Structure formats: structure tokens, C-alpha cells
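Student: I would like to learn how to read salt bridges in a model. Can you take me through an example?

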Amino acid sequence: MSATPSAIERPLNFSTPYLRAALVRDAVDYTVEGRTIVVNPGVTPVTIAEEFRKTIPPLSSTVLADTRIEQADALLLLRPAAEDADVSGIIEEPGWSHLADLDDHGDFPRETPLYRSPQDDINTVLFDPTYVLGESRSEEYLREFDVRANLWFSPAGTDCFIHNKHDFIEVHTQVHGLGRMQRFRNQDQASLYQDVLMSPGYTTPDPFCATGPQCTYHYPMHQYRADTDCIWLALEYHPVPRALRTLPVPTLQENRS
């Protein structure tokens, strides 16, 4: 990964020998060296500078090798260990925790081997959540969101707990191994109705949630399942309270919100 004069690059705080991870800001004519998972956490497409110009859509990812990015406000660059590497030791890296130790309500089962990395603040973005979630055809009600990122790890065969509680918009990118995002009618495994298979470099094509009142979000019952030992990335979009907003919002849209 090669920085250009205008780019600002730093390691993410969950970067380790098991997974090299970096955040790039303000990239122009940016060279991606070697095989790399490139995640677009922003709300505008990122163009790949090849003869047939294609983009990385907002809130999505791809795998690139030895090519250039024309311009991007922000990119996450992930270079995991080889697919046949034993990555289970990543949970011994600084800041990793079992989810039961992070759950303030004590609801998460200790017997489920689900581990989370430290979380990193990525960016602040403006978008209309109803547009991003496919509920409207145009952007009218822009809101500010803090973007945060972290990794997850579970060993092969883990069902990572069916749940439907989040106070943010979330998407997942597969980084190592083979897994799936699943939707259910209730907390019974037999109620499965959607199974989204995920291999390295794949991001779920749209967030699972729908908007609720006062910038809240409703999720179906869902879970991640690890078919092999898996590392995956979570991108969280947390709504910023009106009093704490920092980005300029057009007056008309701000009045409508």
C-alpha cells in the first residue's frame, strides 16, 4: 500500500501480524500494492483507475491487487494472513475481549466463543438513512453519523447468537475464512429464512435494518455463523445527537429533520 502526497494513512488500532489494517484519508491517485481487501466506509462511490472504470459503492468492499484508486475521502485497507494460516491467536492480541465481558446487560452466553477487537473511530459522514436503507428514492433528510470499526473472531462451527438489538446501522465484511449472515423469524434456529454466504472481501450488500422513530433502527432476528475459523469486520454508523453535530447540513434539510 503506497501513500500519495495528499493521502493520510495510519494503522487501525486492531492491526496485528494476523491482519494488517490501515485507514487512508483524502486519497488521490492512490496505489494499492499487492492483494488487499478495500472497504469504502463512505457515502460516495470510489473509482478504480483502470481502462474499464468501475467503482466501489458506498458501504461496500472488493479485493484489489496492484491498481490505483482515483479519489476517496476514506478507505479501509485489510491484508489478512494466508487463508491456510492459523488465525485463532488473534484473540490474544491487546484489547481483544470475549463479548460476554463487554455486554453491560449480561445477556451474552459465555459458552459462545465470540471475540471482539478494540474499536477504532473512522470518520464522520452525512447521509439520509432512509435512502441508504432503500426506503426512499432520494436523499432529503441528512443526518450525521460517527463511523466506527472493529473486528470479530469465532472458531469454525460457531453460531454467534441470534439477536435483534442495535442502536446503529451496521454492515459486515468478511476478512478471513468462510461465514454467513443469517436472518430468522424468531430466536429459534429452525426459523431461518435468509442465508447470506460470505467469503473474504465480501460485504453484505445492504444493512439488515429499517428506520424507526427519532433516528432509531429496527433489526430482524439475525446472527453471524462461522463455517470455518473466521475474522470479519463490522462497520457501525452511530447517529450523532443534534446538539453534538459538527458537519454543516443544508438549512432546508436541517429544518425538515
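**Reading the salt bridges**

Tutor: Start with one pair: the side chains of aspartate 195 and arginine 180 form a salt bridge, 2.6 Å from N to O. The two sit in distant parts of the chain, 15 residues apart. Aspartate 195 is in strand S13 (residues 192-198) and arginine 180 in strand S12 (residues 179-184). Strands are DSSP runs (E, at least two residues), numbered from the N terminus.

Tutor: This is a predicted model, where local features need pLDDT of at least 70 and side-chain atom pairs count only at pLDDT 80 or more, while totals for chains, interfaces and linings use all residues. Residues are numbered from 1 along each chain as its sequence is written, and side-chain values use heavy atoms, leaving out hydrogens and water.

Student: What counts as a salt bridge?

Tutor: A side-chain nitrogen of Lys or Arg within 4 Å of a carboxyl oxygen of Asp or Glu. That rule gives eight salt bridges here.

Student: Is aspartate 195 buried or exposed?

Tutor: Buried means under 20% relative accessible area, exposed over 50%, and partly exposed in between (1.4 Å probe, protein chains only). Aspartate 195 is partly exposed, at 32%.

Student: Which residue pairs with arginine 225?

Tutor: Aspartate 159, at 2.9 Å from N to O. This pair also links distant parts of the chain: strand S16 (residues 221-226) holds arginine 225, and strand S10 (residues 158-159) holds aspartate 159. They are 66 residues apart. Arginine 225 is partly exposed at 22%; aspartate 159 is partly exposed at 30%.

Student: Which residues are linked in a network of salt bridges?

Tutor: Asp159, Arg180, Asp195, Arg225 and Asp227.

Terms used:
Helices (H or I, at least four residues) and strands (E, at least two) are DSSP runs, numbered from the N terminus.
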